[in-house]
Amino acid sequence: QLKEEIRRGFAALEDPLAELLDMLESSSDWKGKGHSLGYYITTELQLWIKEHPAVQQSGIKLKKLQARVLRTLAQCPANLLDPLISIYQLHTADRNYLLEHVSHLYQRGHYKEAAMLSIKLKLQPDQDVEKMCTPLLLQDKTNLVEDYVGEYPELQSKLLQILDTWCEPGFNIGNITRQYQGLSRYKPDKLNRKMLSKLVFRLLERFNVDPALCPNVINQRHLRTLNYLFYKRFVEKTMTQENWTDHVQSTVGENRWLQGHLIQLLISYCDLNTAARWAQRCNLPKEMLPYGVADELQKLQIQERVEEGVKADNYEESKKKDYYQLPIPRANIHFLQTWEETLPCWEKVLQPGQVVGIDMEWRPSFGMVGKPRVSLLQMALKDEVFLLDLLRLLEQAETEGEKEKLPRFIQMLYSDAAITKLGYGMSGDLNSLAATWSALKDTDKQAQGVVDLLKVDKQVDVLSPEQSYEDKGFRQPEKGLSLLVQHVLGKPLDKTEQLSNWEKRPLREEQILYAASDAYCLLEIYEKLCKDPASFGLSSDLTESLVGKPIIKPRAKKQLNKQDVPSPSGQQRKGSDKETLCPPAPISPEEFSVVCDNMLQGLGRYLRCLGVDVRMLENEDDHRKAAEIARQEGRVILTSGLPYQTLQSQVAEGRCFSVNCSEKAKEQALQVLKHFNVQVSLADIFSHCQ
């Protein structure tokens, strides 16, 4: 009825366009959010005009209407912008006039409105990107900033260069923020270096801009990588000298600023002699060196240090005692770099009934832009291991124009149900493989006959990591695959090469042995678990229950089928167990209190929005703190991955839940709410202080 009434009204008006403005100017219901009567009338007129083009205005009359509508646009919500711009043909208006109008809005402090109108009227190329975006960043409106430069590569580069200059050492961001102190919703603390750095990396990735445009941010990230490498080598002691040296060299490169910081770190962690050796290696000018290092450099004579060789030999011997060793001869590890070399490998691997341990390696990104490229694909059989150099094979395939040959074999392997494929965290490996070779993007969906030992690991009854750590006296508690190898085979994996530069050729001997061990140990674990599943707390039908299940879980919304009831660990039980597990009675978010482990802060914030009583661990907190809080305050623990093993044993059954870490916060929240039967009502949303 309303629609008909509006249309009759328009037909009776002499000048519907002017009358609409009369209505909007003398009423204010349309200024709020949502679909007001003003909004409804405006959108109907937009449709009506298309059917009655004769009512359109032009010339002086249209210019007067455009001047009036611009005043209205300054106050109207986002949903009214498009209909009004369309009705009054603002895209045809004089550009300078529009820019002047937006400039007036800006000067009156209506920064958001000025930006939104500029986006709608495509005025950005004629505006100063720094001037338009700075107040928006100070109001924490980064999404609007992204939209503002979204369609203009030149403005994207300009914005990134501006943000990068704000990250220069010694630059005072206060000089910028001071100009906008009267700003509503003013959040100057949001413009700190850490936030800016995160924003720059997000924009570099989103807009696919060359990172070289942002040297300050890239340098800061490299400096954090350097600090991390020093921590891994000298505090954790989980990196070999060669591996560490490789990474330090590729991180620092020819950058004098980073080389200077490297020397300072070497003085703190090592000694003047080591700092002098690196200064010599980097060819640093004497004036750049601290006094003690310059002095040491003069004394330094280049000589082979015999004692280091002796130390290395002793270290190798102690390694053999403490860590898992490959049970096959070195001659049975084959490093394959050409298509011809891979043919005998495929012949053996693609035999029906074959069991293959599969692993992949890529260069660690240390938080830089872009997805990791798989450099090495390892396939272990009972008597030999094949290491496929994907970097060289991909290069060869591109030059010879035969890109599909290798992916075809990899897909044949994964889709053959008669071949058992063993992995650890296989879905992550396959995602990285798909990012490296687009022809492999659906391999995870077609996979059959796979056993992901990460899923078995979650069911294995083991000592807690702390106990095994104390028993063996290792520097760091083992985790992940290394911990599983320790529990099943007696010794952990030596992970000192894990963070190697896997793109550097030739690979070092230690890297080759590490890569082969990572794939081969899967065969030995699988064999032992199949022989005696009961002693590891597994059901006897281990092979039957694991082989052939798809690798990736469906999205959380579809994850819990009606016949499946979640178990306390967050893993699924099949419908046959249904009788023994009754779903809990429904509760409200107010009655549900949780403590989130520190890798699940996004989930914690999301649940808090829904009215759940949430406590979150800080980044530096130990996972065990979650169990203390849970016991003291009667909370459910939400965790993920390995900490679940430790935490579930410290609280009552069903009071610890393992969340899928690869899901987004919203999907994780749905999974948790469904599992604990929490019913959210409208009144619960934002009922807790955020």
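Select V451 to begin: with a relative accessibility of 1%, this residue counts as buried, because the buried class covers values under 20%. The model on the screen is a predicted one. V451 has its place in strand β6, which spans residues 450-452. Now add M426 to the selection. V451 and M426 are 25 residues apart along the chain, and their C-alpha atoms are separated by 8.7 Å.

**The whole chain**

Next, display the entire protein chain as a cartoon. The chain contains 33 helices and twelve strands. It has 690 residues, of which 47% count as buried. How much accessible surface does the protein chain have? The total comes to about 35100 Å², and 50% of that surface belongs to carbon and sulfur atoms. Consider also the contacts between residues at least 6 apart in sequence: 67% of these join residues at least 24 apart.

**Strand β3 and its partners**

Select residues 374-380, which make up strand β3. Is this strand mostly covered or mostly uncovered? Strand β3 is mostly covered, with seven of its seven residues buried.

Add residues 355-362, the strand β2. Strands β2 and β3 run antiparallel and are joined by six bridges. To see one pair of opposing residues, pick W362, which stands opposite V374 in β3.

Then add strand β4, residues 385-389. Here five bridges make the connection to β3, and the two strands again run antiparallel. M379 stands opposite F386 in β4. Follow the backbone from β3 to β4, and you will pass through a hairpin of four residues.

**The parallel sheet**

Move on to the later part of the sequence. Which strands form the open sheet, and in what order? Four strands take part, in the order β10-β9-β11-β12, and their pairing is parallel. At the edges are β10 (613-616) and β12 (656-658), each of which pairs on one side only. From one strand to the next, the twist averages 25°.

Within this sheet, select β9 (residues 593-596) together with β11 (residues 636-639); three bridges join these parallel strands. For a single example, pick C596, whose bridge partner in β11 is L638.

Now show residues 601-609, helix α30. This helix lies across β9, β10 and β11, and it runs at about 160° to β10.

**Helix α13**

Finally, select N216, which lies in helix α13. N216 counts as buried, because its relative accessibility is 16% and the buried class takes values under 20%. What does N216 touch, apart from its neighbours within four places in sequence? N216 is in contact with D164, T165, C167, E168 and P169.

Y228 is also found in helix α13. This tyrosine has a relative accessibility of 36% and so counts as partly exposed, since that class lies between 20% and 50%.

To close the tour, add Y231, V235 and Y269 to Y228. These four residues form a nonpolar patch on the surface, and together they have about 360 Å² of accessible area. Which helix gives the most to the nonpolar patch? Helix α13 (residues 215-235) does, with three residues.

Technical notes
Residues numbered from 1 in each chain as written. Predicted model: local features only at pLDDT ≥ 70, side-chain atom pairs only at ≥ 80, totals over all residues. Heavy atoms only, no water. Patch = residues over 30% accessible without salt bridge, like charges linked within 9 Å, V, L, I, M, F, W, Y side chains within 5 Å. Areas by Shrake-Rupley, 256 points an atom, 1.4 Å probe, with all protein chains shown as cover. Salt bridge = Lys/Arg side-chain N within 4 Å of Asp/Glu carboxyl O. Buried < 20%, exposed > 50% of the residue type's maximum accessible area, 1.4 Å probe, protein only. Pairing = 2+ DSSP bridges. Axes fitted to C-alpha atoms, helices over the stretch in contact; angles between N-to-C directions. Contact = heavy atoms within 4.5 Å.
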